[in-house]
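This report looks at aromatic ring pairs and at the surroundings of the ligand.

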Amino acid sequence: MTDVADGTLAELAGWQRALRAQFPIVTAHPDLVYLDSAATAQKPRAVLDAVHDYLTTSNANAGRGSYPWANATTSLVEDARERVKRFLGDPEPERSSVHFTSGTTEGLRTVARDWLPDLLADGDEIVVPFHDHQANLSPWLEARDLLARQGVAVRVRELPYQAASGDYDPAALARITGPRTRFVAATHVHHVYGADMNVHRVREAVGPDVAICLDAAQSVGHLPVSLAGLDVDFLVFSGHKALALPGTGAVWARRRHGPDFRPGGWRGTPNTAGIASLVAALDWLEEAGTDRVERWTVALTSLLTDGLSRMEGTYEVLGCRTSLAAGSPVQRRRSLVSFRHRGIDAQDLGFVLFSHGFMVRSDGHCQAGRGGGGAGDGSVRVSLHIHNTPEEMERLLATLASLQ
Ligand code: PMP
């Protein structure tokens, strides 16, 4: 383990122990290790309490009715929009809007369906990622196909990647960007490689006039995400991966390039209990300190990546191999690691690991261009959150070592 990771884990041990104790599902199952937070995260008691509180004190519909519970629910939803902006460090909250969704997939699709077509004219170009999550590819291709049926031809270009690191390639991006480029879709942290995709360099490459939509599913809730430093037009995330209830997520949109973001005509009943859980989750994360959440999970990932590297003959780590890559401004592995056993199929390895109590994801992880993630195609992904411990990593590494 690197000295940096070592020091971080020692420094934050007491803080982490107190936080881990707040996850009822974790403390109730001491023999099980949840390692699938990138799919959906476990919930601290404060989030569960907030939902119980809301449903037992003021449950009603939002934006309808004028009795106290209805008013309280309307305020809950309106205040939650401002809460999301504050959590994301929005420097100009008066110029932005927040729309609640069921997760990142619905959020990206909403941008593609309800905003993008009005930005595009015949002959325009969009740049989208072909090797990120399918949720950040399909909606853009669907929008292109819809426009084509209306006689508007939009060219889709592939966001270029660097082969060695898996990061985007800003120089190649600058070369394919032209006067007809209107829009770029990118991802903040890659859900298979764990790489920070350095999206500020996407803005540098395309210049100030192109709209950028950022899939922040794997960064919000894991590290301090500051809109002030990102310079994007849309940021989409899943509340349920940031400790809130299933069926939660949001689109943050800034009025700058193109039409106003006005999602979907008539709006039905929002997920009010989910929105209450999202507010509680963001409060909890802020209180815990997203910078410390980041340091803790990055240090654990480092422990795991380094342990896997020592078993290189048996395990192949996908993406960037170094973890706390000292001095590397290019790439830093976040809170997840994907790897393959050179002799055991990923699905089989997932079953073996569960027989030892580890709950991992083992398939193609919905990565675009990876088919269904069938035998031989997938990998095991270990993804962490604040309740995970160095002891769990040691136990996992010992189990993996026994399979050499
Ligand atoms: N984008 C990324 C990068 C993801 O990791 C995920 C979830 N695995 C999604 C999008 C989809 O999120 P959701 O399931 O909340 O719609």
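A residue is called buried when its relative accessible area is under 20%, exposed when that area is over 50%, and partly exposed in between, with a 1.4 Å probe and protein chains only. The model is predicted, so that local features need pLDDT of at least 70 and side-chain atom pairs count only at pLDDT 80 or more, while totals for chains, interfaces and linings use all residues. Residues are numbered from 1 along each chain as its sequence is written, and side-chain values use heavy atoms, with hydrogens and water left out.

Seven aromatic pairs are found in the whole structure, where rings of Phe, Tyr and Trp (its six-membered ring) pair if their centres lie within 6.5 Å, and planes under 30 degrees apart count as stacked, over 60 as edge-to-face and the rest as tilted. Two of these pairs are set out below.

| Pair | Centre to centre | Angle between planes | Class |
|---|---|---|---|
| W115 and F183 | 6.3 Å | 50 degrees | tilted |
| Y315 and F339 | 5.8 Å | 85 degrees | edge-to-face |

W115 and F183 are both buried, and Y315 and F339 are buried as well. Ring pairs also join W115, W140, F183, F234 and F261 into a cluster.

Around the ligand, polar contacts are pairs of N or O atoms within 3.5 Å; within protein, one must be able to donate a hydrogen and the other to accept it, and residues adjacent in sequence count only if both atoms are side-chain atoms. An oxygen atom of the ligand lies 2.7 Å from a side-chain N or O atom of S238, and a nitrogen atom of the ligand lies 2.9 Å from one in K241.
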